[in-house]
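Walk me through this fold, please. Start with a single side chain and work outward to the sheet, the helices and the loops.

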Amino acid sequence: DMAAMNALPTQITVGLALSNRFSLEAVQELYDGIKLACEKYNVDLVGGDTTSSNSGLIIAITVIGRAKEERIVQRSGAKEKDLLVTTGDLGAAYAGLLLLERERQVFEKTPEVQPEFSGYEYLLERQLKPEARIDIVKKLEALNVIPTSMIDISDGLASEVLHLCKASKLGCHVYEDKIPIDVQTHQVAEAFNMHPVTLPLNGGEDYQLLFTISQEDYEKIKEDESFTVLGYMMDEGVGAQMITNAETAIPLTAQGWDGLKSQT
């Protein structure tokens, strides 16, 4: 969330509610992990609270960060003809989840069978150990680029594109052949009889950054492999559409996770 506003995290507070089934050693392991993350992202743990719980474990983390006022980015600043850009590759976390669910089902039926994840280590890491793209915030500053709008890709590419369009009161074209998909993600899509583009569009939990830039800034990012231009922003009346490889326009629909909507 900090990266999605072009800011850098500096401090966190951690609130814990614990039931009596958690040992002191388990809590220590949790804080060892938090310490490791703080060291990785150069963040200080500055406080929090610990209390008892009747319903297991509850973790509440608050992140405090900083940014120069002129570099703060919201979802609502995109302009018509701005380029739509993503970082990294998409769909890998969902592919990792599909593999984990498949192997869990096998294990439940035949516990003596060991999970088979060989060759898919990258996908499992993307699902189990997501990385915050703080490096992109630093890279954008070094390139002297300030996105006009930005969001993190946590609920699927389609959902996040629609969020930017709605906030900025614009439409867009996203090109299917421009969506970056890792070769392992392609392989999992084939194994599960899914169209590869379904995973990045609707999967979620990629935690990459989706942002818009003015066309004048394209020259600054075009040589950097961290960035992929997916399409561009258009008049609101066009709507949000994906242009397929067959050159047909398909309206984008949000099918990813919505944490504020009741799940049935």
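Is C165 buried or exposed? The model is predicted, and every value here is computed from it. At 5% relative accessibility, C165 is buried, because the cut-off for that class is under 20%.

A second cysteine belongs in the same discussion. C172 has a relative accessible area of 0%, so C172 is buried too. How far from C165 is the nearest cysteine sulfur? That sulfur belongs to C172 and lies 3.7 Å away. Seen from the other side, the nearest cysteine sulfur to C172 is that of C165, again at 3.7 Å. A disulfide is a covalent bond between the sulfur atoms of two cysteines. The rule used here asks for sulfur atoms within 2.5 Å, so the 3.7 Å separation of C165 and C172 does not qualify. C165 is in no disulfide, and C172 is in none either. The count for the model comes to zero disulfides.

Next, the strand around C172. In β9, A240 is the bridge partner of C172. Strand β6 covers residues 171-175, and β9 covers residues 240-243. The two run parallel and are joined by four bridges. Further along this pairing, V174 stands opposite M242 in β9. What pairs with β6 in an antiparallel way? That is β8, again through four bridges. Here H173 has Y232 of β8 as its bridge partner. Strands of a sheet pair through backbone hydrogen bonds, either parallel or antiparallel. Why is β6 largely enclosed by the rest of the structure? Four of its five residues are buried, so little of this strand is left open.

Now the whole sheet. In which order do its strands lie? The sheet is open, has seven strands, and reads β5-β7-β4-β8-β6-β9-β10. Its pairing is mixed. The edges are β5, residues 149-153, and β10, residues 249-251. Each edge strand pairs on one side only. From one strand to the next, the twist averages 25 degrees. Helix α5, residues 157-168, packs on this sheet. Its contacts reach β4 (83-87), β5, β6, β7 (208-213), β8 (227-234) and β9. The direction of α5 makes about 155 degrees with that of β5.

Two loops deserve a look for their backbone angles. Most residues other than glycine have a negative phi, and most peptide bonds are trans. K169 has a phi near 55 degrees, a positive value in a residue other than glycine. Where is K169? It sits in the loop between α5 and β6. K169 has a relative accessible area of 59%, so K169 is exposed. Y207 also has a positive phi, near 55 degrees, and is not a glycine. Y207 lies in the loop between α7 (198-202) and β7. At 35% relative accessibility, Y207 counts as partly exposed.

Turn to the helix pairs. Helix α2 covers residues 92-109, and helix α3 covers residues 121-128. Their axes come within 7 Å and cross at roughly 100 degrees. That angle makes α2 roughly perpendicular to α3. On the α2 side, the contact is made by A92, A93, Y94, A95, G96, L97, L99 and L100. On the α3 side, Y122, L123, L124, R126, Q127 and L128 take part. By class, the residues of this contact are 11 nonpolar, two polar and one charged.

Which helix does α3 pack against at about 95 degrees? The partner is α6, residues 183-191, and the axes are 9 Å apart. α3 is therefore roughly perpendicular to α6. E121, Y122 and L123 in α3 meet Q184, T185 and V188 in α6. This contact has three nonpolar, two polar and one charged residues.

Finish at N42. This residue is found in the loop between α1 (24-41) and β2 (44-52). At 66% relative accessibility, N42 counts as exposed. Leaving aside residues up to four places away in sequence, N42 touches P9 and T10. How far is N42 from L99? The two are 57 residues apart in sequence and 32 Å apart in space, C-alpha to C-alpha.

Terms used:
Residues are numbered from 1 along each chain as its sequence is written. This is a predicted model: local features need pLDDT of at least 70, side-chain atom pairs count only at pLDDT 80 or more; totals for chains, interfaces and linings use all residues. Side-chain values use heavy atoms; hydrogens and water are left out. Two strands pair if DSSP finds at least two bridges between them. Axes are lines fitted to C-alpha atoms, for helices over the stretch in contact, and angles run from 0 to 180 degrees between N-to-C directions. Contact means heavy atoms within 4.5 Å. Angles under 35 degrees count as roughly parallel, over 145 as roughly antiparallel, 65 to 115 as roughly perpendicular and the rest as oblique. Ala, Val, Leu, Ile, Met, Phe, Trp, Tyr, Cys and Pro count as nonpolar, Asp, Glu, Lys and Arg as charged, and the others, Gly among them, as polar. Buried means under 20% relative accessible area, exposed over 50%, partly exposed in between (1.4 Å probe, protein chains only).
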